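Thank you all for coming. I would like to take a few minutes to walk through one model with you, slowly enough that everybody can follow along on the screen.

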Amino acid sequence: MKRGLTPILIAVLISGYVFLYGPIASLVVYSFNSSKLVTVWAGFSTKWYGELMRNEKLLDAAGLSLGIAFVSATLAVALGTLAALALVRFGRFRGRLLFAGMTTAPLVMPEVITGLSLLLLFVSMEQLIGWPDGRGVVTIVIAHATFGIAYVSVVAQARLAQLDRSIEEAALDLGARPVRVFFTVTLPMIAPSLAAGWLLAFTLSLDDLVIASFVSGPGSSTLPMVVFSSARLGVNPQINALATILLLSVAAIVVLAGWLVSRRAGKAR
Amino acid sequence: MSGPRPSPAARGGRRIVVALPYAWLLLFFLAPFAIIVAISLSETRIGIPPYTPILEWVEGAGLSVNAKLGNYAFLADDPLYLNALLSSLRIAATSAILCLLVGYPIAYALARTPDRWRPQLLIAVILPLWTSFLIRVYAWMGLLKTEGPVNELLQATGLIDQPLALLHTPFAVYVGIVYSYLPFMILPLFAALERQDPALLEAAHDLGARPVRAFLTVTLPLSLPGIFAGLLLVFIPAVGEFVIPDLLGGPETLMLGKVLWIEFFNNRDWPLAASVAVAMLVLLVAPLAWLENIRVKRAEGGA
């Protein structure tokens with residue numbers, strides 16, 4: 001496509017980004033509003049941050065969610081990398097079509113279906129073999145790892161497909177075993193995309209409301225579940241304060257990742 | 001993709017590499033679908049679990065199968081479910097088209113952005129996806145409130161005298177879906193527009209086509225794969241959407257995702273919820289297959 005922006009296209013871009021970021025900015029602005037009505041301005045205040053810090057239920061849920069996200073993202077990277085390796089490197093194998101389908105379908109499957117079907121699986125398994133014993137953290141981790149695999153494998157497949165294979169072949173020619181080649185040559189080369197996949201799986205796990213609601217049990221309410229039940233009752237300035245903190249964390253990670261990438265690029269030059 | 005013939009040890013290693021994720025996905029992704037179909041054929045009861053067993057070992061008679069189609073008959077009979085299904089399809093299709101109308105100009109402008117700015121602007125399209133979906137939907141609750149900023153703005157510009165009821169209406173649901181899924185529309189459109197050969201437009205121009213005609217006969221048809229991919233990426237998840245109709249919608253915006261949620265959590269009718277899920281899956285098989293087809297074609301064409 002030909003490059004070059006006309007004033008109309010610039011206006012389109014500006015209004016597009018205002019639409020994408022305006023609502024997010026409004027969350028931050030109103031988190032400093034002293035009024036409980038959220039969108040009626042009554043002066044600057046940080047009191048909602050204070051109340052947030054004293055909200056035990058929310059803090060507990062946040063801790064639980066962070067733990068679940070960490071474990072499920074790590075599991076997803078391990079299994080998703082293997083899946084990507086199989087799909088990109090192994091050519092044809094029996095059941096490849098089904099395998100490829102199973103690694104992409106979770107990306108678009110409506111969450112209510114995934115959530116309900118996993119719950120019914122866990123209940124049936126418990127009846128048959130007595131495991132998992134009730135529902136809670138373990139079942140949420142399994143559910144989150146399952147959709148995380150799909151995201152990690154997409155990211156890792158893209159990287160693996162564009163990798164220069166001559167380096168790995170050189171290592172193989174020099175007598176290194178395939179496992180060793182993977183850990184010393186392939187893995188370091190795909191590491192940035194695996195880090196991106198881990199972050200993606202972590203973020204999605206931290207954000208998931210629907211699937212977690214189905215597969216969680218009593219006493220294991222995740223952060224989105226607590227936020228959702230509060231949002232259902234109407235706007236609440238504490239949620240705005242929480243949203244602001246989450247946004248700042250994401251922004252910090254993005255800036256850090258950008259800095260790391262540019263430093264790497266600088267070194268490569 | 002064929003290297004040297006792998007040694008037996010390497011073949012064993014390969015088997016493990018495939019088997020681990022394969023087994024995981026079979027157990028936790030595919031098997032649940034078989035179970036959901038099975039339980040949609042059972043009946044609700046009070047107890048743990050709250051449904052009758054499908055397979056039962058009856059003394060003296062052997063294995064007996066208790067599959068009933070009652071749930072599906074109930075779904076077909078009660079107009080509530082048919083309405084929810086039709087309104088899900090309508091809302092999802094309308095929002096997908098609205099998303100296209102909003103997203104196409106943005107994707108077009110992005111494709112024409114000079115290289116120097118493009119990576120940053122593209123990241124800025126993806127970035128909202130990294131922030132919480134729930135929080136982004138929640139943001140619209142505040143914006144669309146009766147005393148919220150959107151109403152204030154409309155009143156300040158003199159377009160309306162009295163604040164409008166915006167929240168808990170179909171309008172709010174459309175805004176929510178378009179807003180939340182816009183990046184999924186922009187990205188495939190951008191990919192389709194960006195790789196078009198500029199020589200084609202020049203040729204159209206040299207042959208005397210005006211810009212509008214050149215756009216309609218060259219650019220637009222060539223971006224059709226991106227349009228279809230974007231529409232499906234919005235339509236498929238929107239059909240089962242729960243959070244947006246629940247937080248932003250009202251009683252008249254009944255969607256399948258919400259019906260399933262209510263049957264499961266409020267009415268505790270697991271078999272009926274399962275049959276709603278199966279109905280939704282049947283509905284989505286064709287669009288899912290179409291999307292996969294586009295993806296495969298693109299992978300083959302791009303490689």
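In this predicted model, helix H5 of chain B passes helix H7 of chain B in a right-handed crossing. If you look at who touches whom, H5(B) contributes B:Phe133, B:Arg136, B:Val137, B:Trp140 and B:Leu144, while H7(B) brings B:Ala172, B:Val175, B:Gly176, B:Tyr179 and B:Ser180 to the contact. Sorted by class, that contact consists of seven nonpolar residues, two polar ones and one charged one.

Now for the geometry, where it helps to recall that two packed helices are described by the angle between their axes and the distance between the axes. Here H5(B), residues 133-144, and H7(B), residues 170-194, pack at an angle of about 140 degrees, and their axes are 10 Å apart. Since roughly antiparallel is reserved for angles over 145 degrees, the two helices are therefore called oblique to each other.

Staying in chain B, let me turn to B:Glu152, which is found in helix H6, residues 149-156. Is B:Glu152 buried, exposed or partly exposed? There are 14 other C-beta atoms within 10 Å, so B:Glu152 is partly exposed. Its C-alpha atom is separated by 7.5 Å from that of B:Pro163, although the two residues are 11 apart along the chain.

Finally, a word on chain A, which has 11 helices and zero strands, and whose C-alpha trace spans about 70 × 65 × 30 Å along its principal axes. Of the 269 residues in chain A, 42% are buried, and among contacts between residues at least 6 apart in sequence, 76% join residues at least 24 apart.

Key: Residues numbered from 1 in each chain as written. Chains lettered and ligands numbered in written order. Predicted model: local features only at pLDDT ≥ 70, side-chain atom pairs only at ≥ 80, totals over all residues. Helix = DSSP H or I, 4+ residues; strand = E, 2+ residues; numbered from the N terminus. Buried ≥ 20, exposed ≤ 12 C-beta atoms within 10 Å, placed from the backbone. Axes fitted to C-alpha atoms, helices over the stretch in contact; angles between N-to-C directions. Parallel < 35°, antiparallel > 145°, perpendicular 65-115°, else oblique. Left-handed = near helix turned anticlockwise from the far one by under 90°. Contact = placed C-beta atoms within 7 Å. Nonpolar A, V, L, I, M, F, W, Y, C, P; charged D, E, K, R; others polar.
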